[in-house]
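Hello,

Here is the structure I said I would pass on. Have a look at it first, and then read on for what turned up in it.

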Amino acid sequence: MEMHEIIRQRRGEQGMSQADLAARVGVDKRQIRRYETGDTQPTLSVAKAIARALGITLDQLAGEETHRIDLSGEWWASWQTSMQGEEVITAQQVLLRQQGELILIETITRGIDVEEGGYMWRGELRLWDNEILMGWYAAADGAVRSKGTMYFVLHPHGVSLKGRWVGLSYDGEIMTGWGAMGKTEADARALIAELKQDPAAAEALEPATS
């Protein structure tokens, strides 16, 4: 695909109008129209701004073929956490919306009752080399303070993620535990059970120390 086709296609995929893209890039809407018709090409600085706005790299904007996996859709996430010192394994549905290397994530279900420590949350992950995802999460429920970081390793076929979370939880300011995502609840829970067999799992719910 040519650059002008990529700009037009990606803008449509992102649900942006020409005016929206122009505002994000800092150019006149008529200039975006010229880029999309192929009448003119953006300067390097403008091309960088367009790529950022569209959630793609400069190479992708230039038409270089990529094979980035698309993780968009509904998943099941399972977490190893604790409440009052007792291990709790939760599972909840989450929605992933991928925009290039950036993946927006938010919960669809709470997983467990509020009284048991369940809460809704949102966050972001960034995909590196089709293999590693790193990001953050924060509670979306006003009364819940939980927030922290996430690290996942992506299955080669993109069917699951295995990793850990570190952050503020019910039992402490710096806690950590296993985390996993799969296409079904059973898949996600099975991944947590698999991770718990790891020798390091004995320390999973210990407060993180330097």
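Let me start with serine 146, whose contacts beyond its neighbours within four places in sequence are Tyr119, Tyr137, Ala138, Ala139, Leu168 and Ser169. Please keep in mind that this is a predicted model. Serine 146 sits in the loop between S5 and strand S6 (147–154). Is it buried or exposed? Its relative accessibility is 9%, and because the cut-off for buried is under 20%, serine 146 counts as buried. Its side chain also makes a polar contact, reaching the backbone oxygen of leucine 168 at 3.4 Å.

One of those contacts, Tyr137, leads into the strands. Tyrosine 137 in S5 stands opposite glycine 123. Strand S5 (residues 132–139) is antiparallel to S4, and eight bridges join the two. Three residues lie between these strands in their hairpin, and one to check in your viewer is aspartate 129, with a positive phi near 55°.

S4 itself (residues 121–128) has two faces: Trp121, Gly123, Leu125 and Leu127 are on the covered one, while Arg122, Glu124, Arg126 and Trp128 are on the uncovered one. S4 also pairs with strand S3 (residues 102–107), again in the antiparallel sense, through five bridges. There, arginine 122 in S4 has glutamate 106 opposite.

Another polar side chain that may interest you is glutamine 98, in strand S2 (residues 86–99). Its relative accessibility is 14%, and since buried means under 20%, glutamine 98 counts as buried too. What does its side chain reach? The partner is the backbone nitrogen of leucine 71, at 2.7 Å.

Now for the helices. In helix H4 (residues 44–54), the buried residues are Val46, Ala47, Ala49, Ile50, Ala51, Ala53 and Leu54. An α-helix has 3.6 residues a turn, so residues three or four places apart point the same way. With that in mind, you could follow Val46, Ala49, Ile50 and Ala53, which are among the buried residues of H4. What covers the buried residues of H4? The cover includes H1, helix H2 (18–25), helix H3 (29–37) and helix H5 (58–61). Just after H4 comes glycine 55, which takes a positive phi of about 70°.

The N-terminal end is worth a look as well. Methionine 1 is placed in the segment before helix H1 (3–13). Apart from neighbours within four places in sequence, methionine 1 is in contact with Ile6, Gln9 and Gly63. Glycine 85 is 84 residues further along the chain, and its C-alpha atom is 56 Å from that of methionine 1.

Finally, the overall picture:

- The chain holds six helices and eight strands, and its order along the sequence is α-α-α-α-α-β-β-β-β-β-β-β-β-α.
- Along the principal axes, the C-alpha atoms fill a box of roughly 65 × 35 × 35 Å.
- The chain has 210 residues, 41% of which count as buried.
- Of the contacts between residues at least 6 apart in sequence, 44% join residues at least 24 apart.
- The accessible surface is about 11,500 Å², with 49% of it belonging to carbon and sulfur atoms.
- There are 22 positive and 31 negative charges, and their mean positions are 9 Å apart.

Best wishes

Methods
Residues numbered from 1 in each chain as written. Predicted model: local features only at pLDDT ≥ 70, side-chain atom pairs only at ≥ 80, totals over all residues. Heavy atoms only, no water. Helix = DSSP H or I, 4+ residues; strand = E, 2+ residues; numbered from the N terminus. Buried < 20%, exposed > 50% of the residue type's maximum accessible area, 1.4 Å probe, protein only. Contact = heavy atoms within 4.5 Å. Areas by Shrake-Rupley, 256 points an atom, 1.4 Å probe, with all protein chains shown as cover. Lys, Arg positive; Asp, Glu negative; His and termini not counted. Charge placed at Lys NZ, Arg CZ, Asp CG, Glu CD. Pairing = 2+ DSSP bridges. Polar contact = N/O pair within 3.5 Å; in protein donor to acceptor, adjacent residues only side chain to side chain.
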